[in-house]
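Visitor: Please take one part of this model and examine it closely, in a single connected account. I should like to know what surrounds that part and how its neighbours are arranged around it.

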Amino acid sequence: MPKQSAKREVIKITPISDQDSKVYPRSIKGFYTRWRWVCVWLTQLVFYGLCWVTWNGRQAILFDLDKRKFYLFDLVLWPQDTIYLVFLMILGALALFLFTAVAGRLWCGYACPQTVYTEIFLWLEKVIEGDRSHRMKLDAAPWTARKLAIKTAKHASWITLSLWTGITFVGYFMPIRELINDLLTLSLGAWSGFWVVFYAFATYGNAGFLREQMCRQICPYARFQFVMLDPDTLIIAYDAVRGETRGARSKGSDPRTQGLGDCVDCSICVQVCPTGIDIRNGLQNECIGCAACIDACDQVMDKMNYPRGLIRYSTENAVNKRYTPMEILRRAARPRVIIYTAILVTLTAATAWSLATRVPLKVNILKDRNVLYREVDDGSIENIYRLQIMNTSDQTRTFRISVSGLDGIRLTGDDQITVIGGEIGTQTAAVRADPGTSGSGAKPISFDIIDVADPNVAVSEPSKLLMP
């Protein structure tokens with residue numbers, strides 16, 4: 001067994017001097033490449049499509065910052081519901097910890113927006129400029145009219161896609177149809193225009209120019225993820241025991257008789273890597289787990305009539321200790337994974353239960369401070385309140401208002417209010433009580449608001465009644 005297999009695999013960070021040259025990823029086909037493009041299509045169909053879905057006469061998903069309401073199909077969230085945003089952030093962090101502990105940077109390799117848009121930009125670049133060798137020759141060639149035309153076409157396609165991405169992004173924060181109309185009529189607001197251009201510029205810069213630098217140096221996830229890895233985490237692994245010593249050989253020859261391993265040292269695994277690393281040097285900070293090198297190596301192994309899997313998804317322990325797939329699966333259920341899973345499932349279930357049982361009604365009681373109390377014609381004491389009734393559902397509801405808490409307390413005037421879905425209704429309530437029935441000072445009372453059609457939608461809000 002080679003000497004390096006006895007050591008724990010070391011995480012390597014590429015020196016800055018090795019990061020200066022531009023990376024030209026080579027196109028590759030294979031199982032994992034197909035799955036990567038499935039993720040590209042799924043994520044972009046959701047991103048570009050959901051903002052156009054109409055739900056009950058409005059945009060299905062809309063984060064309306066002006067009106068301070070978030071619409072998620074039937075769900076309407078108000079500023080008072082920010083607790084759900086906190087839970088969402090916690091769930092996201094826990095999911096990140098769990099997925100990283102189990103399978104490393106799978107998110108980076110398949111669903112991260114940086115990876116997705118880099119894949120799309122590379123595809124456009126390949127269509128217009130050609131594959132890796134053509135792009136390298138074109139960049140090295142002197143500027144001519146042909147080169148200028150090709151580069152202009154490429155950047156025009158990038159900018160068009162980036163602008164549409166920026167428009168779609170802003171379309172989740174203001175109605176997309178209004179946004180398109182404002183663009184066509186040149187009446188777009190300053191802030192909306194700024195965010196369209198800003199997000200478009202970010203997409204153009206990150207996917208067109210920064211690319212691997214985002215994964216290498218800018219993204220914080222790349223820096224702290226390795227504290228969550230252990231020897232049983234699924235990673236892209238090169239089987240050095242099988243592959244070394246590297247070297248060229250003729251097809252059909254026995255590499256063992258030449259003192260060689262299965263690696264033919266073709267460097268295609270390096271050429272297809274979107275971050276430009278050599279996976280044969282061990283686990284590295286820049287590896288995003290996209291498996292392009294696996295597809296490339298498997299194709300070479302097929303041509304040489306060698307078994308696939310010289311580069312594969314595996315774990316450090318599995319490579320060094322030659323675990324079977326079942327042993328890898330059993331070791332995946334280790335304490336940290338079980339703990340992360342239990343917490344994530346518990347919090348997800350609690351959040352889902354809270355949303356499912358959430359009463360779509362919120363009430364705010366404001367006491368009239370201009371007149372604390374007054375005596376009316378029948379001798380009773382009257383307090384005036386302003387009720388703000390928020391219908392947080394997506395349907396129009398009629399609510400009945402009543403008051404309780406003191407003997408003889410009563411509500412005068414209109415005791416019903418109809419509120420459109422996702423809106424706030426305001427009602428002035430005059431509450432009267434007979435003097436001497438409860439003493440002087442502030443007395444606790446309760447306003448009871450109930451949906452006329454659905455008694456389960458009800459809220460009891462406390463307040464104070466001032467008596468002389």
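**Helix α4 and its surroundings**

Guide: Helix α4 is mostly covered, with twelve of its 17 residues buried. The description that follows is of a predicted model. The buried residues of α4 are Gln114, Thr115, Val116, Tyr117, Thr118, Glu119, Ile120, Phe121, Leu122, Leu124, Glu125 and Glu129. Their cover includes α1 (31-50), α3 (106-110), α5 (132-140), α6, α8 and α9 (212-218). From first C-alpha to last, α4 spans 23 Å, close to the 24 Å expected at 1.5 Å a residue. After α4 comes glycine 130, with a positive phi near 105°.

Among the elements that cover α4, helix α8 deserves particular attention here. Two packed helices are described by the angle between their axes and the distance between the axes. For α4 and α8, the axes come within 8 Å and cross at roughly 70°. Angles of 65 to 115 degrees count as roughly perpendicular, and α4 and α8 are therefore roughly perpendicular to each other. The contact between them has four nonpolar, five polar and no charged residues. On the α4 side, Gln114, Tyr117, Thr118 and Phe121 take part, and they meet Thr203, Tyr204, Asn206, Ala207 and Gly208 of α8. Each of those four α4 residues is also on the list of buried residues of α4.

Helix α8 itself has 21 residues and reaches 28 Å between its first and last C-alpha atoms, close to the 30 Å expected at 1.5 Å a residue. Ser192, Gly193, Val196, Ala200, Thr203, Tyr204, Gly205, Ala207 and Gly208 are its buried residues. These buried residues pack against both α4 (113-129) and α6. Just after α8, arginine 211 has a positive phi of about 40°.

The account now passes from α8 to its other partner. Helix α6 (residues 145-170) and helix α8 (residues 190-210) pack with their axes 7 Å apart, at an angle of about 135°. That angle lies outside the 65 to 115 degrees of a roughly perpendicular pair and is not over 145; α6 and α8 are therefore oblique to each other. The crossing of α6 past α8 is right-handed. By class, the residues in this contact are twelve nonpolar and seven polar, with no charged residue. From α6 come His155, Trp158, Ile159, Ser162, Leu163, Thr165, Gly166, Ile167, Phe169 and Val170, while α8 contributes Ser192, Trp195, Val196, Tyr199, Ala200, Thr203, Tyr204, Gly208 and Phe209.

Taken together, the two contacts draw in part on common residues of α8. Thr203, Tyr204 and Gly208 meet residues of α6, and these three also meet residues of α4. Thr203, Tyr204 and Gly208 are likewise among the buried residues of α8. Other α8 residues appear in one list or the other: Asn206 and Ala207 are among those that meet α4, whereas Ser192, Trp195 and Val196 are among those that meet α6. Helix α8 is thus described by two partners, with α4 roughly perpendicular to α8 and α6 oblique to α8. For α4, in turn, both α6 and α8 are included in the cover of its buried residues.

Terms used
Residues numbered from 1 in each chain as written. Predicted model: local features only at pLDDT ≥ 70, side-chain atom pairs only at ≥ 80, totals over all residues. Heavy atoms only, no water. Axes fitted to C-alpha atoms, helices over the stretch in contact; angles between N-to-C directions. Parallel < 35°, antiparallel > 145°, perpendicular 65-115°, else oblique. Left-handed = near helix turned anticlockwise from the far one by under 90°. Contact = heavy atoms within 4.5 Å. Nonpolar A, V, L, I, M, F, W, Y, C, P; charged D, E, K, R; others polar. Expected span 1.5 Å × (residues − 1). Buried < 20%, exposed > 50% of the residue type's maximum accessible area, 1.4 Å probe, protein only.
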